[in-house]
Amino acid sequence: MNLNAAINPRSLGDYRWSLIIPPMRQVLGNYDGFNYLGLGVLVALGISLIVMIRRISSTDSRLFKLIKKYLGIILVSIFFIIFALSNTLTAGGHIIFEYSLPKLIMSLFSQLRSSGRLFYPVYYLIFLLVCTTVVKYTKNR
């Protein structure tokens, strides 16, 4: 998965999934890590984060309570993101760094075929976060 996967509307076959956001370059092989959130979700995510930061910043202890409450989900999401980025870290059309993995690990995880797919649970958690924030913090439901 490329570092720009969540905001890049380019997929395999050079399809464009946005009329507003231009497609960004990718390294060959990143196309199976297509995880474009969509312009509406990206805007709603930005607004949701601003709303949550404003609500949480009023009490610092509330932030630590939220982190403690969702620590498992946060840690699993971080693991999935790191795994999805794989052993070849790419940003746009550039390879930032890569390292080789032991054959045992390669044989175990080659069953997944594409590590970019492990971003899917995080992708859906982002959608869930946006939806719950909109429902929770809007007055007219």
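**Exercise 1.** Determine which residues of α3 meet which residues of α5, and classify the contact.

*Solution.* Contact requires heavy atoms within 4.5 Å. On this criterion, I73, S77, F80 and I81 of α3 meet P121, V122 and L125 of α5. By class, the contact of α3 with α5 comprises six nonpolar, one polar and no charged residues. The model is predicted: local features need pLDDT of at least 70 and side-chain atom pairs 80 or more, while totals for chains, interfaces and linings use all residues. Residues are numbered from 1 along each chain, and side-chain values use heavy atoms, without hydrogens and water.

**Exercise 2.** Describe the packing geometry of α3 and α5.

*Solution.* Helix α3 (residues 71-85) packs against helix α5 (residues 120-137) at an angle of about 130 degrees, and their axes are 8 Å apart. That makes α3 oblique to α5; the roughly parallel (under 35 degrees), roughly perpendicular (65 to 115) and roughly antiparallel (over 145) ranges are excluded from this label. The crossing of α3 past α5 is left-handed.

**Exercise 3.** Identify the residues with the most contacts inside the largest nonpolar core, and the helix with the largest share.

*Solution.* A nonpolar core joins buried residues (under 20% relative accessible area) through side-chain atoms within 4.5 Å. The largest has 14 residues, and M1, L37, V41, F119, I126 and V130 have the most contacts inside it. Helices α1 (39-56), α3 and α5 each supply at least two core residues; α5 gives the largest share, four. Beyond four places in sequence, V41 touches I126, F127 and V130.

Key: Axes are lines fitted to C-alpha atoms, for helices over the stretch in contact, and angles run from 0 to 180 degrees between N-to-C directions. A crossing is left-handed if the near helix is turned anticlockwise from the far one by less than a right angle, and right-handed if clockwise. Ala, Val, Leu, Ile, Met, Phe, Trp, Tyr, Cys and Pro count as nonpolar, Asp, Glu, Lys and Arg as charged, and the others, Gly among them, as polar. Buried means under 20% relative accessible area, exposed over 50%, partly exposed in between (1.4 Å probe, protein chains only).
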